[in-house]
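Let's take a walk through this structure together, one stop at a time. Have the sequence and the 3D view open as you read.

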Amino acid sequence: MTNDFEVEFIEPGERSARFLVRGVSPAVANGIRRAMVADVPTFSIDTVRFVENSSVMFDEMIGLRLGLVPLSTPIGDFEEGDVVTLALDVEGPATAYSGDLESADAMVQPADENIPIIELKDGQHLEFEADAVLDSGKSHAKHQGGVSVGYRHLQRVEVAGDAGEFEEQEPNILRGVIEEAAAEHADADADATDGDLVATDAFDNDLTNRYPGKEVEVHDVPDAFVFHVETDGSFSVEELVLRAAETLGDRAAELESKVAI
Amino acid sequence: MELRVIDKTDEELRMEVAGEDHTFMNVIKGALLETDGVAAATYDMNPEQSGGQTEPILSIKTEAGVDPLDALGGASRDVQTTVEDFSEAFEAAAP
């Protein structure tokens with residue numbers, strides 16, 4: 001097997017990023033994508049013990065909302081099934097926010113401080129203790145670390161000729177990332193060189209903006225995938241991708257050792 | 001992951017891989033198809049609602065002289081190196 005991977009970041013970011021991977025087979029690309037969604041565990045509140053809940057919502061509804069609050073999940077320090085306790089005590093009139101949750105473990109904190117849990121009116125009181133469990137997205141969607149994870153082929157745009165001179169040009173909408181192969185015709189971008197990676201938002205997703213008056217051909221680049229990865233804040237994109245790859249590797253190692261017996 | 005061999009001859013293997021889903025099965029199938037000496041490899045999986053066999057079943061056919069279990073071992077080795085290479089390349093490129 002040849003494994004000449006080339007990774008290039010197109011839009012780097014902590015919680016949302018786009019990157020290109022060359023030399024990856026569709027099976028592996030999809031394996032990594034699926035692992036990011038379902039196999040990388042994150043902490044999420046699973047059990048709530050209410051001390052007092054005089055808000056307008058039932059305990060169960062508040063429990064559901066709490067489960068959806070992303071909690072930071074540090075690498076390596078926890079195993080699946082580990083429990084961290086969090087507590088909240090808010091008296092109205094006030095809004096209980098995710099930031100009001102107090103964690104027993106400094107490493108496991110709400111990823112965002114400003115997620116409203118419930119608005120409390122005068123005299124209403126919400127107090128509870130909750131257990132957050134480390135589990136994977138396979139068991140419940142609230143444990144998904146990757147919120148929006150997908151990929152597209154890298155697309156190569158070539159100019160095939162001129163568009164009909166007196167015809168009104170139809171918009172040619174394309175989304176994703178293109179690999180420049182006709183830089184001399186890219187009128188809108190004077191510094192374009194062949195091989196450039198250009199996100200289609202740069203020309204409003206319309207190829208006629210970039211190559212006015214030209215007939216273009218779009219081809220998928222084989223084995224080159226542009227991943228778009230967004231996390232819920234439990235960890236960075238980089239950690240998510242690496243952990244997803246690790247879970248695949250771990251399973252392959254398990255299979256290898258079991259086959260050897 | 002629990003393995004249960006259903007059929008095994010010198011050049012054929014049918015095996016249940018309990019606890020896995022498309023995520024891993026498709027990756028290992030892809031690696032098997034690129035392994036030398038493997039004539040055919042596939043897996044079959046039924047949805048949970050089908051009521052029958054729902055764990056994936058991996059089928060491998062090899063060319064004469066190649067043990068399908070060895071081929072599977074080699075393929076899982078390949079998956080590991082692929083994943084390691086990918087992680088390395090990714091880390092190197094990360095900003």
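How many residue pairs are in polar contact across the interface of chain B and chain A? The rule finds five of them, counting pairs in which both residues have pLDDT of 80 or more. That cut-off comes up because what you're looking at is a predicted model.

Let's stay at this interface for a bit. On chain B's side, H1 and H2 each supply at least two of the residues that touch chain A. H2(B) has the largest share of that side, with 18 residues. Sort the residues on chain B's side by kind and you get 16 nonpolar, 10 polar and seven charged. In total, the contact takes 33 residues from chain B and 32 residues from chain A.

The size of an interface is often given as the accessible area lost when the parts come together. Here, the area buried between chain B and chain A is about 3200 Å², and carbon and sulfur atoms give 72% of that. Charges take part as well: four salt bridges are counted between the two chains. In one of them, the side chain of A:Arg34 meets that of B:Asp21, at 3.8 Å from N to O.

Now find helix H1 of chain A, which covers residues 26-38. It has 13 residues, and at 1.5 Å a residue these should span 18 Å; the end C-alpha atoms are 18 Å apart, so expectation and model agree. Quite a few residues in this helix are buried: A:Ala27, A:Val28, A:Ala29, A:Gly31, A:Ile32, A:Ala35, A:Met36 and A:Ala38. What do the buried residues of H1(A) pack against? Within chain A, their partners are strand E9 (146-162), strand E12 (214-231) and helix H4 (237-260), and from chain B they meet helix H1 (22-33) and helix H2 (68-93).

Next, the salt bridges more broadly. Side chains of opposite charge can pair when their charged atoms come close. Over all chains, the count comes to 22 salt bridges. Take A:Arg22 and A:Glu179, whose side chains meet at 3.0 Å, N to O. A:Arg22 is in strand E2 (residues 16-22) and A:Glu179 in strand E10 (residues 177-180), both of chain A, so this pair ties together parts that are 157 residues apart in sequence. A:Glu179 is buried, as its relative accessible area is 9%.

Another pair to look up is A:Asp39 with A:Arg251, a salt bridge of 2.9 Å, N to O. Since A:Asp39 lies in the loop between H1 and strand E3 (42-53) of chain A and A:Arg251 is in helix H4 of chain A, the pair ties together parts 212 residues apart in sequence. Are these two partners buried or exposed? A:Asp39 is buried, with a relative accessible area of 11%, and A:Arg251 counts as buried at 10%.

Then there's the salt bridge between A:Asp46 and A:Lys142, where the closest N and O atoms are 3.0 Å apart. This pair links distant parts of the chain, with A:Asp46 in strand E3 and A:Lys142 in the loop between E8 and E9, 96 residues apart. A:Asp46 counts as partly exposed at 46% relative accessibility, while A:Lys142 is buried at 15%. There's a network to spot too: salt bridges that share partners join A:Glu11, A:Arg18 and A:Asp201.

The loop between E8 and E9 of chain A also holds A:Ser136. With 9% relative accessibility, A:Ser136 counts as buried. Beyond its neighbours up to four places away in sequence, A:Ser136 touches A:Ala38, A:Asp39, A:Val40, A:Pro41, A:Glu80 and A:His143.

A second serine, A:Ser98, sits in the loop between strand E5 (94-97) and strand E6 (102-103) of chain A. Its relative accessibility is 0%, so A:Ser98 counts as buried. Among its contacts, leaving aside neighbours within four places in sequence, are A:Val69, A:Pro110 and A:Ile117.

For a last stop, hop over to chain B and find B:Val38 in strand E3 (residues 38-44). B:Val38 is buried, with a relative accessible area of 11%. Its contacts outside the four nearest places in sequence include B:Leu32, B:Ile60 and B:Ala71. How far is B:Val38 from B:Asn26 in space? From C-alpha to C-alpha they are 16 Å apart, with their positions 12 residues apart in sequence.

How values were computed. Residues are numbered from 1 along each chain as its sequence is written. Chains are lettered from A and ligands numbered from 1 in the order in which they are written. This is a predicted model: local features need pLDDT of at least 70, side-chain atom pairs count only at pLDDT 80 or more; totals for chains, interfaces and linings use all residues. Side-chain values use heavy atoms; hydrogens and water are left out. Helices (H or I, at least four residues) and strands (E, at least two) are DSSP runs, numbered from the N terminus. Buried means under 20% relative accessible area, exposed over 50%, partly exposed in between (1.4 Å probe, protein chains only). Contact means heavy atoms within 4.5 Å. The expected span of a helix is 1.5 Å times one less than its number of residues. Buried area is the accessible area (1.4 Å probe) that two parts lose on being put together, summed over both. A polar contact is a pair of N or O atoms within 3.5 Å; within protein, one must be able to donate a hydrogen and the other to accept it, and residues adjacent in sequence count only if both atoms are side-chain atoms. Ala, Val, Leu, Ile, Met, Phe, Trp, Tyr, Cys and Pro count as nonpolar, Asp, Glu, Lys and Arg as charged, and the others, Gly among them, as polar.
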